[in-house]
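These are my notebook entries from a reading of one structure, written for someone who has not met it before. I kept to what I looked up and put each topic under its own heading.

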Amino acid sequence: MIQFPIHSYKNNVIYTHEMQAWAYYRVHVNTVGVNEQEAENNLVDLLQRLAWQMAAFEEIDYKIVLIPVDIDKRMESLQQQYEGRYAETGKYYAERAKGCSGFQRKHD
């Protein structure tokens, strides 16, 4: 019979049968645009500070998970938010952005 790997847990700390402690933290989501160099630099600085703070621990494993963005869906959502004098202009450029996202589209 295979033994369940977790002996116990409390809050975000898991204890194995060998009494090793594993802690998991989720860092808030950061979105960095393609040409946002300052935002990218800020994210790198944040991750470097995080790594420095965690350096006292034996082992650290952190990952950056890229989340794909559906440009068409995002632009459609934005188009519904436009109001007033420049609504048509905003809708026009949002529609253009959908066609010029830089990726080759496959049409069914």
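**Entry 1: the strands**

I began with strand β2, residues 13–16, and found that three bridges join it to β3, the two strands running antiparallel. The model I am reading is a predicted one, so I treat every value here as computed from that model. Two of the residue pairs between these strands I wrote down by name: Tyr 15 has Ala 21 in β3 as its bridge partner, and Ile 14 stands opposite Trp 22 in β3.

I then turned to the other neighbour of β2 and noted that four bridges join β1 to β2, again with the strands running antiparallel. Here the pair I recorded is Lys 10, which stands opposite Val 13 in β2.

Putting these pairings together, I have an open sheet of three strands in the order β1-β2-β3, with antiparallel pairing. Which strands stand at the edges of this sheet? They are β1, residues 6–10, and β3, residues 21–23; each has a single partner strand, so one side of each is left without a neighbour in the sheet. I also looked up the angle between neighbouring strands of the sheet, which are turned by 25° against each other on average when direction is ignored.

**Entry 2: the two hairpin loops**

Next I looked at the backbone between the strands, with one point of background in mind. Most residues other than glycine have a negative phi.

The hairpin of β1 and β2 has two residues between the strands, and Asn 11 in that hairpin takes a positive phi near 55°. I checked where its side of the chain lies with respect to solvent, and Asn 11 is exposed, with a relative accessible area of 72%.

The hairpin of β2 and β3 has four residues between the strands. Met 19 is found in the loop between β2 and β3, and Met 19 has a positive phi of about 65° although it is not a glycine. Is Met 19 buried or exposed? Met 19 is exposed, since its relative accessible area is 53% and the cut-off for exposed is over 50%.

**Entry 3: the largest pocket**

I moved on to open space in the model, again with a general idea first. Rolling a probe the size of a water molecule over the atoms shows where empty space is left.

In this model the largest pocket holds about 2000 Å³ of space. I found 42 residues lining the largest pocket, and those nearest its centre are Val 27, Tyr 62, Lys 63, Ile 64 and Val 65. To see which elements contribute, I noted that β3, α1 (37–54) and α2 (71–79) each supply at least two residues of the lining. How do the lining residues divide by type, I asked, into nonpolar, polar and charged? The lining of the largest pocket has 27 nonpolar residues, six polar ones and nine charged ones.

**Entry 4: an aromatic pair**

Last, I looked for aromatic rings that pair with each other, and the count comes to one aromatic pair. The rings of Tyr 92 and Tyr 93 have their centres 4.9 Å apart and their planes at 80°, so the pair is edge-to-face; the cut-off for that label is over 60 degrees. I then checked the accessibility of each partner: Tyr 92 counts as partly exposed at 47% relative accessibility, and Tyr 93 counts as partly exposed at 47% as well.

How values were computed:
Residues numbered from 1 in each chain as written. Predicted model: local features only at pLDDT ≥ 70, side-chain atom pairs only at ≥ 80, totals over all residues. Heavy atoms only, no water. Pairing = 2+ DSSP bridges. Axes fitted to C-alpha atoms, helices over the stretch in contact; angles between N-to-C directions. 1 Å grid on protein atoms, 1.4 Å probe; cavity = no way out; pocket = protein on both sides within 12 Å on 5 of 7 lines; lining within 4 Å. Points joined across faces, edges and corners; volume = space filled by probe spheres on them. Nonpolar A, V, L, I, M, F, W, Y, C, P; charged D, E, K, R; others polar. Phe/Tyr/Trp six-rings, centres within 6.5 Å; stacked < 30°, edge-to-face > 60°. Buried < 20%, exposed > 50% of the residue type's maximum accessible area, 1.4 Å probe, protein only.
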